[in-house]
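Student: Hi! I have just opened this one and could use a guided tour. Could we go through it together?

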Amino acid sequence: MQDIEVIADPAAAVVVLDPVRARLLGALREPASAATLATKVGLTRQKVNYHLRQLEAHGLVEAAGTRVWGGLTERLLVATAGGYVVAPEPLGEPVGGPDRLSAAYLIAVAARAVREVGALARRAARADRTLPVLALDAEIRFATPDDRAAFADELAAAVSTLAAKYHDEKAPGGRWQRLLVAVHPRPKDVA
C-alpha cells in the first residue's frame, strides 16, 4: 500500500470525493468485508457493496483475499493507499501569474508539484522502486515585516549559491530536479 496516492483521473476524483466512499476508504486501511464495513459505518451491506464496486472500478480499493465465515465466503478489500490527494487536473489547473509573491503563483507551483510528484510516485510504485525526493518543513515567526523581507533575501541568496555550486548543465547521466521553496502564513487554527 502506498502512503499517499495522487488522483489525476476526474472520474476517480468524483468517486473519492463522495462522503460515504471517503468513509469507506478510511475504514479500509486494513482488509475488511462488505458486511464488516456495513456494521462499522451504519449502512446496509448492499449499499456498501455498491460503493465498494465504484471504488474498485477506479482502482482505489483492491482485493485482499477471502474469509470463510458462517458457511459463506466473504471477499476482503483494502484501500490502495493510506491517503489520497486530488491532483489539480480534475478540478481545473490553477493559473499563477508572473508575480512570485502572489498566492496564485504559490498555488500554481504547489499544484504542479502535486501533479508531477504524483505521476512520478505512481510510476515508481509500478516499478517497485523508491522515488528520490526531499521535503523540508519548518516554521518561523518573524518579529517584523522587515525581518521577513531580510529572511527572504538571505534565503534566495543561499539557494542561488547552493544551486550554482551543484548545478552541472552537461553532466553525463545527470538528472534535472525541481526545487520549490515556499513561505506562507500558518493558519491560526493550526498548531
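**A walk through the model**

Tutor: Happy to! Let's begin with Q177, which sits in the segment after α6. Keep in mind that this is a predicted model.

Student: Okay. Is Q177 buried or exposed?

Tutor: Q177 counts as exposed because its relative accessible area is 55%, and the cut-off for exposed is over 50%.

Student: How far is Q177 from H167 in space?

Tutor: C-alpha to C-alpha, the two are 9.9 Å apart, with their positions 10 residues apart in sequence.

Student: What about V181, where does that one lie?

Tutor: V181 is also found in the segment after α6. Its relative accessibility is 47%, so V181 counts as partly exposed.

Student: And which residues is V181 in contact with, leaving aside its neighbours within four places in sequence?

Tutor: With those neighbours left aside, V181 is in contact with L155 and V159. As for Y166, its C-alpha is 17 Å from that of V181, and the two are 15 residues apart in sequence.

Student: Switching topic: how much space lies in the largest pocket?

Tutor: The largest pocket holds about 2400 Å³ of space. It is lined by 48 residues, and the closest to its centre are L134, L136, L179, L180 and V181. The elements that each give two or more residues to this lining are α5 (103-126) and α6 (145-166).

Student: V181 again! How do the lining residues of the largest pocket divide into nonpolar, polar and charged?

Tutor: There are 31 nonpolar, 5 polar and 12 charged residues in that lining.

Student: What volume does the second largest pocket have?

Tutor: Its volume is about 850 Å³. Of the 24 residues lining the second largest pocket, R100, Y105, V181, A182 and V183 are the closest to its centre. Here too, α5 and α6 are the elements that give two or more residues to the lining.

Student: Which element gives the most to the lining of the second largest pocket?

Tutor: That is α6, with 7 residues. By class, this lining has 16 nonpolar, 4 polar and 4 charged residues.

Student: Now the core. Which residues have the most contacts inside the largest nonpolar core?

Tutor: Those are L37, V48, L52 and L55, in a core of 21 residues. At least two residues of this core come from each of α1 (10-17), α2 (19-27), α3 (34-41), α4 (45-57) and β3 (72-79).

Student: Let's zoom in on L37. What is L37 in contact with, leaving aside its neighbours within four places in sequence?

Tutor: Setting those neighbours aside, L37 is in contact with L24, A27, L28, A32, G42, V48 and L52.

Student: I also spotted a histidine, H51. Where does H51 lie, and is H51 buried or exposed?

Tutor: H51 belongs to helix α4. H51 is buried because its relative accessible area is 12%, and buried means under 20%. Beyond its neighbours within four places in sequence, H51 is in contact with D18, V20, R21 and L24.

Student: And G26?

Tutor: G26 is part of helix α2. With 38% relative accessibility, G26 is partly exposed. G26 and A79 are 53 residues apart in sequence, yet their C-alpha atoms are 8.0 Å apart in space.

Student: Now a strand, please. Where is E62?

Tutor: E62 lies in strand β2 (residues 61-69), and with a relative accessible area of 41% E62 is partly exposed. The C-alpha atoms of E62 and T80 are separated by 6.4 Å, although their positions lie 18 residues apart along the chain. Past its neighbours within four places in sequence, E62 is in contact with L76, L77, V78 and T80.

Student: What is the sign of phi in D128?

Tutor: Phi of D128 is positive, near 55 degrees, in a residue other than glycine. Most residues other than glycine have a negative phi. D128 lies in the loop between α5 and α6 and is exposed, with a relative accessible area of 72%.

Student: Last one: where in the protein chain is confidence lowest, and where highest?

Tutor: Strand β1 (residues 2-7) is lowest, at a mean of 79, and α4 is highest, at 96. The protein chain averages a pLDDT of 87, and 93% of the residues score at least 70.

Methods. Residues are numbered from 1 along each chain as its sequence is written. This is a predicted model: local features need pLDDT of at least 70, side-chain atom pairs count only at pLDDT 80 or more; totals for chains, interfaces and linings use all residues. Side-chain values use heavy atoms; hydrogens and water are left out. A nonpolar core is a set of buried Ala, Val, Leu, Ile, Met, Phe, Trp, Tyr and Cys residues joined through side-chain atoms within 4.5 Å. Buried means under 20% relative accessible area, exposed over 50%, partly exposed in between (1.4 Å probe, protein chains only). Helices (H or I, at least four residues) and strands (E, at least two) are DSSP runs, numbered from the N terminus. Contact means heavy atoms within 4.5 Å. On a 1 Å grid over the protein atoms alone, a cavity is a set of points where a 1.4 Å probe fits but cannot get out, and a pocket is an open set with protein on both sides within 12 Å along at least five of seven lines; lining residues have an atom within 4 Å of a point. Grid points are joined across faces, edges and corners, and a volume is the space filled by probe spheres set on the points. Ala, Val, Leu, Ile, Met, Phe, Trp, Tyr, Cys and Pro count as nonpolar, Asp, Glu, Lys and Arg as charged, and the others, Gly among them, as polar. pLDDT is the predictor's confidence in each residue, from 0 to 100.
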